[in-house]
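Please open the structure in a viewer and keep the selection tool at hand. The stops below are meant to be followed in order.

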Amino acid sequence: MTAYLIGIGTAGLAALVGAALPARHRLPGAAALSAAACLAVLVGAVHVLASGHTSGLHTAQVLPLTGVDLSLDPLGALFIATTAGVGLAASWYSVGYGAHATPSRTATAMLPAFLATLLLVPAAASVATFMVAWELMALTSLLALLTDHRRRPETRDAAQWYAAMTHIGAAAILLGLVLLADHAGGQTFATIASHRGRLSVPLSSTVFVLTLFGFASKAGAVPLHVWLPRAHPEAPSPVSALMSGAMVNLGVYGILRVGGDLLGGGQSWWWVVIAALGVVSAFFGAVHAAASTDTKRLLAYSTVDNMGLVLIGIGAAGALAAGGERMLAGLVLLAALFHLVNHALFKGLLFFGAGAVQHATGTRDLDRLGGLARRMPATTALFGIGALSIGALPGLNGFASEWLLLEGLLHGFASRSAVTDATLLAGVAALAITGGLTATAFVKALGVGFLGQPRSERARGAREVGPSMLAGMGLLAGGCVVLGVVPGVALPALDRAAAAGFAGGAPTTLRVGLGLDLASLHGAIEPALLVEGLLAGIVVAWGVIRLAPRRAELRRPRRAEAWGCGRELQTARMEITATSFAEPLQRVFADVLRPDRDLEVTHTVESAYVTQAVSYYQRVDDAVERVAYRPVIGAVSWWGRLARRVPNGSVHRYLAFGFAALVLILVVLA
Amino acid sequence: MTATLAALGAASPGIWARIGASVLQVAAVATGGPLLLGLMGKVRARAEGRVGPPVTQGLRDLRKLIRKEAIRAEHTSAVSGLAPLVLVASGAMGAAVTPLVTTRPAIAGGADVFVVVYLLLMGSVALALGGLDAGTAFGGMGSSRAMTIGAISEPALLVAILALAVQAHSSNLPDIVAASLAHPGWLASPQRLLALVALVVVVIAETGRIPVDNPSTHLELTMIHEAMILEYAGTDLALVTLGEAMRLGLLLGLVANLFFPWGIGGSGGPLAVLVGLVALGAKAAAIATLIALVEVSTAKVRLFRVPELLAGGFVLAVVAVTTGLVAR
C-alpha cells in the first residue's frame, strides 16, 4: 500500500512538473517521474498479487463529507499492475514521441494525470471515491485526447463523441451505485458487500443493468462502442495505448467489482447478457478490423473485438458460477483476465508501433504505407511481434490466453444446463470466427503497411524512430514473448485475482509450472517446448537449403526483378492496397459492414460510348452508428433548434418565464 | 475411457522413444505428403483417361528444386526468406505433436488439437506475409484471397474439432484418439458424421484443391495459392512445396486418426509403430483418393461462392457440437 501511495503521489507530481517546468525540461521531467510512479505502483500491486493480502486506507481529510477510501485487493491489483506496465512503457515512449515539436503544457501534464487516475480507479473502495476517480479519469483522458485539436479538426468531433458517451455512462453508474448504497446502508464497498444476500432481486437487477450500461460503454461493447473507433485514432499514440490497453479494461473491472463482488454473482441471466454483448462485440469488431485501412482505426476495432472475447469469458464464468460450477467459473474467469492482461500488452505495443509509423511518415493510412521493413527494421520487428501475438500464433501470449479460454469454454460444457451450453457454444463460435478475421486484419496491417514497396513519397523517406520509442515498444514486446513462452509464471497472480472476482470464488486447480496444465481436467500446453521445436525446425530446414545446392555460388539467394506477367516495369502503383486486400472479406460480410460505394462514369461530350473519367468511391462507416445513433442525434438537434426559438431576447418574456416557474414550484410544493 | 488411459499410461515409453516416434512422424509426413499429392495426381489422370506422372513425381520435383539457387525479388525483406522456413517448421511441429503413428508423441502433454489448428494458422500467416513481401500485384492478390478463405475455413476447422473434443471431454489429441478407440460406436454418431463432412470441406479449402482452388492452373488471375507463391524459386520453392505437402499429409493424417483410429500404435514398441505407419499410409491414401475423385467430378466454383461453401462447413460444425450436447 505504501509503495502504491508513493507511486500515485509521484504521478501527481509528474503532472505538476509537466505543467510547470520550462518547455525544454517539461517532457523528460514528467516522463521520468511518471515512469518512477509506475514502477512504485507496480511493486505495490505485485506485492498484493503475490501475497494475496488486502490492505485498506481511510482518510477523512481529502474529500469533504465522505472521505477517501482506498483498498488494494488481488482483483484491483491485477488491473493496477497491468495499467502500470503499459504506463511505464508509455512514459518511455512519450519522450521520443513528443520530441519533434515542443509539446504544450496540457499535453505533458495530462498524460501523467490520466495515468494517475487510471491507477486510482481499481483501488477505490467506496462509492464516492470510485465516482470521483472515475470522473477524473474521464476528464483527464478527454483533455489528453484533445492534445492535437489545433492541427486536426477531426479530434474535436471525436472528443464530443467520447465526452457524450462517457458522461451518459458515468451518470448510469452513479445512479446504480447510489441506489445500491442507499439500500445497503452505507457507501463503502465493504458495507455494501456485507449486505450481499439481503437485497431484493428487482433492486439488484436494476443496479446491475444501470452499472452494466456505463461499464459496457467504457469497455467498448457493441452497441456502445461508437466513441472508441473515433477517440483512439485521434489521441496521441501514448494516450491511445493507455486508452486501449488500460482504460477499456476498467469497464471490465467495474462489471466484475459490482456484479461479481458487491452483488455477489446474482442472477444467471445477467451473465448471459454480458456474454451476448461479448459475442456481438467480438464479431462486429473483428469484421470491422478486417475491413479498416486506417492503422489506428483498425486497432480500435480490434480492441472492441478483444474486449468482446473478455466479456464472453466473464459472462460464461458468471453463468457457470450461478449454476454452482465454481471451479469451472474460476478457470474461465482466469482465462478472461489473462486475455485482458495480454491484450493490454500487445495492443499497447501495436498503438506504439502505429504511432512510430505516423511519426516517421506522417500518415496512418495503410494505402499510403509500405516498404517500411527495410527502412524501419526494429519498428517492423516489434510491430510484427504485436501483430502475431494478437493473431494468436503459438509461442506468443495471445495464443496462451485464447487456448485457456477455449479450454475453459470446452470444459464448461460439463455443466449440463441448456442456457449455459448455448452461451458457451456461442462464445466458442465467436472465438473461432474472430480468430480467422483477426489473423487477416493483422496480416493486412503488417503485410501491406510494412512489407512490399512504399506507396507514397513519405513512406519512401521514412527513417527509424529513436531509442526511447523503441524501448517503450521493446518493453511490451518482451512481455508478450515472456507470457507467450512461459505463460505459467502469471498463473498464481491471475488465480488470486479470479478468486476475488466472484464473491467466495474457488481457486482453480491449475498446476503451477511453466506451461499451462489443467491437471484434473486433462488438457495442457507447453509453449516453451513448441517454441524450441519450431526454432529447431527452422534451423534444420535452413541448414538443409543452405547445403543442398552442390555449387557454392548457388547457396546464396540471388536478387532479380519480380515477376510482372511479362511486363518490364513494376511500380508501387501496381501493388495491392489495404483496401483491395480487404475487398473480398468486405464482400463476404457486406451485410454487417454495409459499405457505402458509388461508381461514376463520365462520358465525353461527343459520344456516350467513349469514357472520359471513372471515379469510384467507397467508404465503410459504422452501421451501428448510422442506424442507432444518427436518428437520436438528429432528434436532439431538432429539439435544440426548437428550444432556441423560445429565448428571443425580450426581457418581458424572461420575466414571464421566471414567474411561471415560481408558480409551478409553489403548486408542486402545495 | 479411464481404463484405456490407465493402460496407455502404464505402457508409457521413455522420453527418447517418444522423441524418436515424433521424428518418425515428421519424416512420415514429409515423405508421405508429396506421395499423397502424387497419388491424387495419378488418380485424377487415370479418371480423365490419361497416364499421368508417376506417384513419386512430388519427391522428384523436390529433389530438382533443392539443388537450384533461390532467387528473390528486389524489394523483399527478411520475411521472404523466413516464410518458407516457418511454413515447414510449423508443419513439422504439427506432425510431431499429432498422434499419427503412435498415440504417444514427444510432448504428449502438450499435444492439443487447438495447438495443431493454430500451427496450421501459423503456416498460412507466414505464406500470406511472404506473398505481400515482394510488393507485386499477383502476390498481394493471392495473399488477400488465401486469407479470406482461411478466415472462414479456420473457424470451421476449430469448431469441427471441438465437436470431437466435447464428445471426448478433452482437447488433448491422444485422449481423443484413445477415447475413439475405446468407443467404436462413436463413429456412427451424428455429431461425428457432421464434423467429418465439415472437416473434409476444410481440408479441401486448406490444401487448395478443386472446387476451392485449382492447384494446376497456369493463369495468374485465377490463382489463389499459386499467385501467393509466384515469387519463390529454387530452394525457397522447394521448402514451400514441401510445406504445403506436409500440410496436406498432416490434415489427412489428422482426419484419418481422429475418425478412424484403428491400427495406431499405442504401446510404442517397434512392431506397433510399424503397424501404425502402414495403417496411417493406407487410411490417408484412401481419403486422398476420395478427394481426388471429388476433384475430377466437380468444377472450380467462383471465388465469391467459396465463402458460402465454407460457411456451410462452419454451420455443419456448429450443428455437430449442438447435436453432441443435445444427445448427451
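The tour begins with chain B as a whole, then turns to surface patches, salt bridges and a contact within chain A. The model is a predicted one.

**Chain B as a whole**

Select chain B and colour by secondary structure. Twelve helices and one strand make up its regular elements, and from the N terminus they follow the order α-α-α-β-α-α-α-α-α-α-α-α-α. With a radius of gyration of 19 Å, close to the 20 Å that the globule rule gives for 328 residues, chain B is as compact as a globular protein of that length. Its C-alpha trace spans about 60 × 45 × 40 Å along the principal axes. Buried residues account for 62% of the 328 in chain B.

**A positive patch**

Next, select Arg550(A), Arg60(B), Arg63(B) and Arg67(B), which form a positive patch on the surface. Centre on Arg67(B), found in the loop that runs between helix 3 (57–66) and strand 1 (71–73) of chain B. The relative accessible area of Arg67(B) is 38%, so this residue counts as partly exposed.

**A nonpolar patch**

Move to chain A and select Val132(A), Leu136(A), Leu139(A) and Leu143(A). These residues form a nonpolar surface patch whose accessible area is about 300 Å² together. Leu143(A) belongs to helix 5 (residues 127–145) of chain A. Its relative accessibility of 36% makes Leu143(A) partly exposed.

**Salt bridges**

How many salt bridges does a search of the whole structure find over all chains? The search returns 22. Three of them, all in chain A, are visited here.

Select Asp73(A) and Arg257(A), a salt-bridged pair whose closest N and O atoms are 2.8 Å apart. Asp73(A) sits in the loop between strand 2 (68–72) and helix 3 (74–97) of chain A, while Arg257(A) is in helix 10 (residues 237–262), so the pair ties together parts that are 184 residues apart in sequence. Are these two residues buried or exposed? Asp73(A) is buried at 11% relative accessible area, and Arg257(A) is buried at 6%. Extend the selection to Arg196(A) and Asp261(A): together with Asp73(A) and Arg257(A), they are linked in a network of salt bridges.

Now select Asp294(A) and Arg364(A), which form a salt bridge with closest N and O atoms 2.9 Å apart. This pair links distant parts of the chain, 70 residues apart: Asp294(A) is in the loop between helix 11 (268–291) and helix 12 (295–322) of chain A, and Arg364(A) is in the loop between helix 13 (326–361) and helix 14 (372–375). Both Asp294(A) and Arg364(A) are buried.

For the third pair, select Arg619(A) and Asp621(A), whose side chains meet in a salt bridge at 3.1 Å, N to O. Here Arg619(A) is partly exposed, with a relative accessible area of 44%, and Asp621(A) is partly exposed as well, at 24%.

**A contact across the sequence**

Finally, select Tyr93(A), a residue of helix 3 of chain A. Tyr93(A) is buried, as its relative accessible area is 0%. Add Met469(A) and display the C-alpha atoms of the two residues: a distance of 4.2 Å separates them, although Tyr93(A) and Met469(A) are 376 residues apart along the chain.

Terms used. Residues numbered from 1 in each chain as written. Chains lettered and ligands numbered in written order. Predicted model: local features only at pLDDT ≥ 70, side-chain atom pairs only at ≥ 80, totals over all residues. Heavy atoms only, no water. Patch = residues over 30% accessible without salt bridge, like charges linked within 9 Å, V, L, I, M, F, W, Y side chains within 5 Å. Areas by Shrake-Rupley, 256 points an atom, 1.4 Å probe, with all protein chains shown as cover. Salt bridge = Lys/Arg side-chain N within 4 Å of Asp/Glu carboxyl O. Lys, Arg positive; Asp, Glu negative; His and termini not counted. Charge placed at Lys NZ, Arg CZ, Asp CG, Glu CD. Helix = DSSP H or I, 4+ residues; strand = E, 2+ residues; numbered from the N terminus. Buried < 20%, exposed > 50% of the residue type's maximum accessible area, 1.4 Å probe, protein only. Rg over C-alpha atoms; globule rule 2.2 N^0.38 Å.
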